[in-house]
Amino acid sequence: MSADALPTTAYDRAERLLPHNRSRLALRARAKPVWIGGGERFWYRVDTERGGEFVLVDPAAGTRGPAFDPERLAAALASAAGQPVQPYALPFRAVEFADGTVAFDAFDARWTCRLADYRCARDEQHAKPSPLEVASPDKKWAAFRRDHDLWVRSAETGEEFALTADGTADRTYAAHPDAGVPAQLLGKLGLPDLPPALLWSPDSTRVLTHRTDQSDVALMHLVEAVPPDGGRPRLRSYHYPIPGEQVTRGEWIVFDVASRTATPAKTDPFLLPYLSPLTLKKAWWAKDSAAVYYLDQPRDLRTLRLHELDPATGEVRTLIEEHGDTRVEAAQEITQKPIVHVLAGGRETLWYSQRDGWGHLYRYQDGALVEQLTRGPFAVQEIVHVDEAERVAYAVVSGLVQADPYRRSLVRVGLDGGGTAKLTDDDLDHVITAPEHGRWFVDSASTVDTPPTIAVRDRGGAVLVELEQADITPMLAAGWTPPERVRTLAADGVTEIYGVLYKPHGFDAAQRYPVIDHPYPGPQIHRVAASFDPGAYGYDAEAVAALGFAVLAVDGRGTPGRDKAFHDHAHRNMGSAGALEDHVAALRQLAETRPWLDLDRVGVFGVSGGGFTTARALLAFPDFYKVGVAEAGNHDNRHYHALWAETYDGPFDPDAGARLSNTELAGNLVGKLLLVHGDMDDNVTPHLTMRLVDALIAANKDFDLLIVPGVEHSFLGRKSYVTRRRWDYLVRHLMHREPPAGYRLADAPLSPELLEALFS
């Protein structure tokens, strides 16, 4: 090994911090409750020093304990299945409890184990449920798609019958638009599609769905250069609208299962640009099954409407309508459930609005505004539970912690006259989960440098049961140090912005370190989590810091989570890429008090929107950013999905030019740039990188390009290789050292979180 080569141990350190390894370092840090029955009890799976363990909790009794004896269950299952089973690496992650038994799916079968004597048997009566079926609440029916039509199966008799017979390839029932289906990823998982887009009524008598019309949507084309069978390249074509083109439309329909009749909604088709509103929770049944409620917007998104659909007649009426000068949102982040709650009877509604500049709750009655319930410089992020009898709502809000406007708190809000009472009595960030009855909440409290404490709280905020205290001893032993939460001023010199700064492994304040900006521009999510879990993007930042870089992640203007003006900085300003000028300003301010930050060696890397931002950084700030690795970047948003630019930049402007496209700035490239893309990326399609490649060639610029055959947006199956190439590029061109020769990252197992996200 040459004197200037980075030692292999640096890559070993970084690899231990990648997501698939981190759970073994941060023990007891997650406890996602799964409610049993009506929510009187719940179970969760937790990573411990021994492995995965299942815990059963009874909040009313104040008890917490093992859900079962893992040693005895492992032995019983091994005997019944004839397979080796490890007690703390059981071949399942989900269970069902009933009448002294535990049921689960393992070894391609359904199993039931009696907990009295630990006898396990294959359950021949209940087959392993298909992820492509949706069971009714009473478990008597399963709805599914066959070809292009909607079908139902009786769980009791096995009888199958069609609810429709006129579905076609372009007009399909219960389907997501093509552009929202990760077909390449699903194919690798051996699945033909996402679950059908439908919602059973609570009384299990009706199905709400839509007919998906893509007949006017143009096709996108991908060429699979290296198909799995090793044959000729294959063409894949699918409907995929870009800005200014026709988008998919949907037609609401309610089916009565007993009578096998359809009731179409008596209204015009709605826009369906990406995923179904059922998946996005923008449509839902009333608890008494007497009505359907759904949110709807025109293409310019400057109006938001709440509608009520009568499932018996198809009649539709508008309950609430709000207009704005820019995008009107039911929640700032695309992953958030709309912050709207219709009370029983349908006369009263809790409605989220940013009309006063912040995201607050308003109460409407019979379609008329009654009062504003919350007010002040904070933002409602979620309605956790509404107690209609006591006339109070429980909500999660950010902005009540002076030290950090992104930290979330649990509050109680009166429905008559408002008034907000903070129930979490500390300055931590709180992730709250509640059963439908809302008598208690599971609370995970942490900060970026404070490991989680997880407990069950009652409605007054008092702790009923302590669940977990995270143990990060293995992380510390691996050389990890917590990031520093930093606050600087944006480029306007006025607005405060927040981020996290990771010190390099083996930090020595007397040294100077190359700096890496790790951005994600939003505007649909913000980059930096306020909690201890850094989120999907944060793991990569931690790993790169372990290589010996200082790493900054910051939420510039244009990202969500704060006031509307902060988020609206992205409107008609997509080219700012999450306000890159704020990133530059932040690094310069931080370097004034941290001379170990070497601003002569600043690099940047990111994926997807972060890939766009990475290239943008080198092209818009060529004197500041020297090295970049842009993975799966949407480099020309004029030709990316219509949903993206039209939602976050505003109605499509064909003359937007450089505001939407990196290609317009290709002539500015000075630094070292590596472009990476999968040739079967059906989300951010590879032609978006090739358009930038073409522009760079036309500008006579040198750059590096890696096209990865056969992979989609997440690089599944080649993620480890792409990560290693990213590290090598940054080490070689920014650290000016040679990476360890021949290093191979271990292949990451398929993430359970990825599967859960696909089928939840």
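**Exercise 1. Packing of helix α8**

Find which elements the buried residues of α8 pack against in this predicted model.

*Solution.* Start with the helix itself. Helix α8 covers residues 580-593, which makes 14 residues. From first C-alpha to last, α8 reaches 21 Å, close to the 20 Å expected at 1.5 Å a residue.

Next, pick out its buried residues. They are Leu580, Asp582, His583, Val584, Ala585, Ala586, Leu587, Leu590 and Ala591. Buried here means under 20% relative accessible area.

Now look at their neighbours. Five strands take part: β37 (484-489), β38 (496-502), β39 (513-517), β40 (550-555) and β41 (597-607). Helix α9 (609-620) is a further partner.

**Exercise 2. A salt bridge across the sequence**

Explain why the pair of arginine 28 and glutamate 468 ties together parts that are far apart in sequence, and state how far.

*Solution.* First, check the contact. The side chains of arginine 28 and glutamate 468 form a salt bridge, with N to O at 3.1 Å. The cut-off is 4 Å, so the pair qualifies.

Second, place each partner. Arginine 28 sits in the loop between α2 (19-22) and β1 (34-36), while glutamate 468 belongs to strand β36 (residues 463-469), so the bridge links parts 440 residues apart in sequence.

Third, check exposure. Arginine 28 and glutamate 468 are both buried.

Last, set the pair in context. The structure has 59 salt bridges by this rule.

**Exercise 3. Two further pairs and a network**

Assign a burial class to aspartate 105, arginine 110 and arginine 171, and describe the salt bridges they make.

*Solution.* Take aspartate 105 and arginine 110 first. Their closest N and O atoms are 3.1 Å apart, in a salt bridge. Aspartate 105 has a relative accessible area of 23%, so it is partly exposed. Arginine 110 has 11%, so it is buried.

Then take aspartate 213 and arginine 171. Their side chains meet in a salt bridge at 3.6 Å, N to O. Aspartate 213 is in strand β15 (residues 206-213) and arginine 171 in strand β13, so this bridge ties parts 42 residues apart in sequence. Arginine 171 has 25% relative accessibility and counts as partly exposed.

Finish with the network. Glu348, Arg363, Glu371, Arg391 and Asp416 are joined into one network by salt bridges that share partners.

**Exercise 4. The second largest pocket**

Describe the volume and lining of the second largest pocket.

*Solution.* Begin with volume: about 290 Å³. Then count the lining: 17 residues. Nearest the centre lie Arg145, His176, Asp178, Asp193 and Gln214. The elements giving two or more lining residues are β13 (171-173) and β17 (234-239). Sort the lining by class: seven charged, five polar and five nonpolar residues.

**Exercise 5. Two cavities**

Describe the largest cavity and the second largest cavity.

*Solution.* The structure holds four cavities of 30 Å³ or more. Take the largest cavity first. Its volume is about 110 Å³. It has 16 lining residues, with Pro521, Gly522, Pro523, Met574 and Ala577 nearest the centre. Eight of the lining residues are nonpolar, seven polar and one charged.

Move to the second largest cavity, of about 80 Å³. It is lined by 13 residues, and Val448, Pro483, Tyr502, Ala529 and Pro534 are closest to its centre. Two elements, β38 and α6 (535-547), give two or more residues to this lining. By class, the second largest cavity has nine nonpolar, two polar and two charged lining residues. Strand β38 also appeared in the first exercise, packed against by buried residues of α8.

Note on methods. Residues numbered from 1 in each chain as written. Predicted model: local features only at pLDDT ≥ 70, side-chain atom pairs only at ≥ 80, totals over all residues. Heavy atoms only, no water. 1 Å grid on protein atoms, 1.4 Å probe; cavity = no way out; pocket = protein on both sides within 12 Å on 5 of 7 lines; lining within 4 Å. Points joined across faces, edges and corners; volume = space filled by probe spheres on them. Helix = DSSP H or I, 4+ residues; strand = E, 2+ residues; numbered from the N terminus. Nonpolar A, V, L, I, M, F, W, Y, C, P; charged D, E, K, R; others polar. Buried < 20%, exposed > 50% of the residue type's maximum accessible area, 1.4 Å probe, protein only. Expected span 1.5 Å × (residues − 1). Contact = heavy atoms within 4.5 Å.
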